[in-house]
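The exercises below treat helix packing and enclosed space in a single chain. Please work through each task with the structure open before reading its solution.

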Amino acid sequence: MLSLRLPALLALLCLPLLSAGESLVYPLHSSGTDPEAYVVELLREALIKSGAGHTLQPSMRDMPQSRAQQSLEHNDGTIHVMWCMTTREREQALLPVRLPIYKGLIGWRVALVRQSERDRLKDVRTLADLKPLQIGQRGDWPDTAILRSNGLQVVTSQSYDSLFRMLDAKRFDVFPREVVVAWNEQTVAKAQGLDLAVDEHIALHYPSAFYFFTSRERTDLAADIERGLETMIRDGSFDRLFESHHGQAIRQAQLGRRHVIELENPDLPPLTPFARKELWYHP
């Protein structure tokens, strides 16, 4: 009996070992509470549905986009995946997973303003009306180049957290924020003693997409993420997760009642998948 089992056992031992997956590190957006908990949950669920066995953990300390991108470009193992707005340069340097994380809502912006000036944008109707105002952004965000290419004045900081204090201190006038985060950021700012409000009058819009990115040398990892996301899109779990995190903010934004100012995005890559209507949110 043993002689019959031995060849089978030896055959099993000669099979290649199944990968248990990797511990993937993503760049922590900022210290304290992660303002992008939705994206982390989406990525974790996609990795589960991919069947690759990967786990997920943040970097030891917060890391700006520029540093995370540099890590992925060199494939140095510090960071394995990041998420950010796509640009032509970024898609050349990194490998994009072309499925928009925020369904295009990343290009719909409402403005944080000082509470004492909450009606400052009431009469803004055109791009020309915005040009006298100073707009706050972080220096390494693609939005900075988009806003400047449309002729707007942009004041930058290298610190995400400091932008809210700069707005409160009148270092600039308007801080455009994604619809999906604006009210949460205003709540956090209020808890920190900053007297900010979300403008109720206008919205800025430019076509854009937030993607997951990996090193160009990690086509396997990008394929795992894409496979998991496509599964979520098919089974509806992507939309359910999106609604659970952002449905209230979308309704609160009342985009249909705002005056929308359209901006051009000259850095939008040509392979952005606008033909797949199910990937995008339409106000």
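Two helices count as roughly parallel at angles under 35 degrees, roughly antiparallel over 145, roughly perpendicular from 65 to 115 and oblique for the rest. Axes are lines fitted to C-alpha atoms, for helices over the stretch in contact, and the angles run from 0 to 180 degrees between N-to-C directions. The model is predicted, so that local features need pLDDT of at least 70 and side-chain atom pairs count only at pLDDT 80 or more, whereas totals for chains, interfaces and linings use all residues. Residues are numbered from 1 along each chain as its sequence is written, and side-chain values use heavy atoms, with hydrogens and water left out.

**Exercise 1. Describe the chain as a whole.**

Begin with the secondary structure, which comes to 10 helices and 12 strands; helices (H or I, at least four residues) and strands (E, at least two) are DSSP runs numbered from the N terminus. Next, take the extent: along the principal axes, the C-alpha atoms fill a box of roughly 90 × 35 × 35 Å. Finally, consider burial, where 52% of the 283 residues are buried, meaning under 20% relative accessible area, with exposed over 50% and partly exposed in between (1.4 Å probe, protein chains only).

**Exercise 2. Determine how α9 packs against α10 and against α2.**

Two packed helices are described by the angle between their axes and the distance between the axes. For α9 (residues 219-235) and α10 (residues 237-253), the angle is about 85° and the axes lie 5 Å apart; α9 and α10 are therefore roughly perpendicular to each other. The contact (heavy atoms within 4.5 Å) brings L229, M232, I233 and D235 of α9 against S237, F238, R240 and L241 of α10. By class, this contact of α9 with α10 has five nonpolar, one polar and two charged residues, where Ala, Val, Leu, Ile, Met, Phe, Trp, Tyr, Cys and Pro count as nonpolar, Asp, Glu, Lys and Arg as charged, and the others, Gly among them, as polar.

Turn now to α2 (residues 37-50), which packs with α9 at an angle of about 95°, the axes being 7 Å apart. That makes α2 roughly perpendicular to α9 as well. Residues of α2 in this contact include L42, L43 and E45, while those of α9 include D224, I225 and R227. The contact of α2 with α9 divides into seven nonpolar, three polar and five charged residues.

**Exercise 3. Which residues lie nearest the centre of the largest cavity, and which element gives the most to its lining?**

On a 1 Å grid over the protein atoms alone, a cavity is a set of points where a 1.4 Å probe fits but cannot get out, and lining residues have an atom within 4 Å of a point. The structure holds three cavities of 30 Å³ or more, and the largest has a volume of about 320 Å³, a volume being the space filled by probe spheres set on the points, which are joined across faces, edges and corners. Of its 25 lining residues, H29, E36, Q65, W141 and F210 lie nearest the centre. The strand β3 (82-85) gives the most to this lining, with three residues. The lining of the largest cavity has 16 nonpolar, two polar and seven charged residues.

**Exercise 4. Characterise the second largest cavity.**

This cavity holds about 40 Å³ of space. Its lining includes R109, V110, L121 and I202, and β5 (108-114) and β10 (202-205) are the elements that give two or more residues to it. The lining of the second largest cavity has eight nonpolar, no polar and one charged residues.

Notes
1 Å grid on protein atoms, 1.4 Å probe; cavity = no way out; pocket = protein on both sides within 12 Å on 5 of 7 lines; lining within 4 Å.
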